[in-house]
Amino acid sequence: MTGDHYFTAEPATPAQPREVEFSVAGRDYTLASAAGVFSAARLDPGTAVLLRKADLPARDATGPFLDIGCGFGPITCVLASSAPAATVWAVDVNQRARDLTAANAASVGAADRVQVAAPDDVPADLTFAEIWSNPPIHIGKAELHELLRRWLPRLAPAGVAWLVVARHLGGDSLHRWLVEQGWHVERHASQKGYRVLRVTR
Ligand SMILES: C[S@@+](CC[C@H](N)C(=O)[O-])C[C@H]1O[C@@H](n2cnc3c(N)ncnc32)[C@H](O)[C@@H]1O
């Protein structure tokens with residue numbers, strides 16, 4: 001036992017490298033993963049619902065896009081592959097997750113367009129055409145709200161944010177909270193107990 005959480009900054013757990021395979025929109029992905037990052041052994045079912053149900057960016061979209069809490073990078077890699085000219089910012093507090101996302105971006109041929117960063121290293125003046133997240137619910141409600149208060153205002157005026165949250169982990173109360181904060185929120189899809197929320201200004 002090391003006491004590591006998937007959102008630990010520097011996981012002490014030995015990495016135990018492994019691969020995660022999945023398909024999105026007819027494209028197959030084999031990404032590197034490791035112990036000490038979120039859902040290291042398989043594509044998280046919530047992330048799978050998000051990538052299946054949300055509207056992936058158009059092929060000619062340029063972004064920039066933001067993936068909040070990139071983990072080993074499945075969302076980032078799908079965004080970068082779906083929009084081959086787009087820049088994607090992949091942000092995580094976990095160094096191992098950032099390293100894996102950088103390696104996986106290179107393996108899908110997007111090393112030059114994926115910017116992997118710790119939260120404080122994202123340029124303050126950057127706004128995003130799309131924000132995507134399977135957010136870290138387990139950090140606690142107040143911290144989650146703080147995270148969303150920090151990043152959602154970085155949405156460009158006509159931008160769209162796509163979030164997935166399990167209903168039993170508070171998907172519907174998060175929906176209500178976002179509305180209270182003044183966002184337009186649509187429950188775009190609901191599958192396997194997950195809510196896919198589409199958030200706009
Ligand atoms: C539910 S996981 C999703 C990971 C990945 N996007 C996926 O779909 O497999 C949430 C991620 O958020 C990260 N995280 C936790 N707190 C964060 C914060 N304050 N800022 C950015 N990322 C954070 C965790 O380290 C974790 O990788």
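Colleague: I'm looking at the shell around the ligand; how many of its residues are nonpolar, polar and charged?
Modeller: Here the shell has twelve nonpolar residues, five polar ones and one charged. By this count Ala, Val, Leu, Ile, Met, Phe, Trp, Tyr, Cys and Pro are nonpolar, Asp, Glu, Lys and Arg are charged, and the others, Gly among them, are polar. Bear in mind that this is a predicted model, where local features need pLDDT of at least 70, side-chain atom pairs need 80 or more, and totals for chains, interfaces and linings use all residues. Numbering runs from 1 along each chain as its sequence is written, and side-chain values use heavy atoms, without hydrogens or water.

Colleague: Which residues come nearest to the ligand?
Modeller: A residue is near if one of its heavy atoms lies within 4 Å. Of the 18 around this ligand, Tyr6, Thr47, Gly69, Asp92 and Asn134 come nearest.

Colleague: What polar atoms face the ligand's oxygen atoms?
Modeller: Look for polar contacts, pairs of N or O atoms within 3.5 Å. Threonine 47 has a polar side-chain atom 2.5 Å from a ligand oxygen, and aspartate 92 has one at 2.6 Å from a ligand oxygen. Cysteine 70 uses its backbone instead: an N or O atom there lies 3.4 Å from a ligand nitrogen. On its own the ligand has 600 Å² of accessible area, and the protein covers 94% of that (Shrake-Rupley method, 1.4 Å probe).

Colleague: In what sense do E1 and E2 pair?
Modeller: Strands are DSSP runs of E with at least two residues, numbered from the N terminus, and they pair if DSSP finds at least two bridges. E1 (residues 18–24) and E2 (residues 27–33) run antiparallel over seven bridges, with glutamate 21 opposite threonine 30.

Colleague: What backbone oddities should I check?
Modeller: Most residues other than glycine have a negative phi, and most peptide bonds are trans. Alanine 25, in the two-residue hairpin loop of E1 and E2, has a positive phi near 50 degrees. Glycine 63 and proline 64 are joined by a cis peptide bond, omega about -5 degrees. Proline 64 sits in the loop between helix H1 (45–53) and strand E3 (65–68); helices are DSSP runs of H or I with at least four residues.

How values were computed: Polar contact = N/O pair within 3.5 Å; in protein donor to acceptor, adjacent residues only side chain to side chain.
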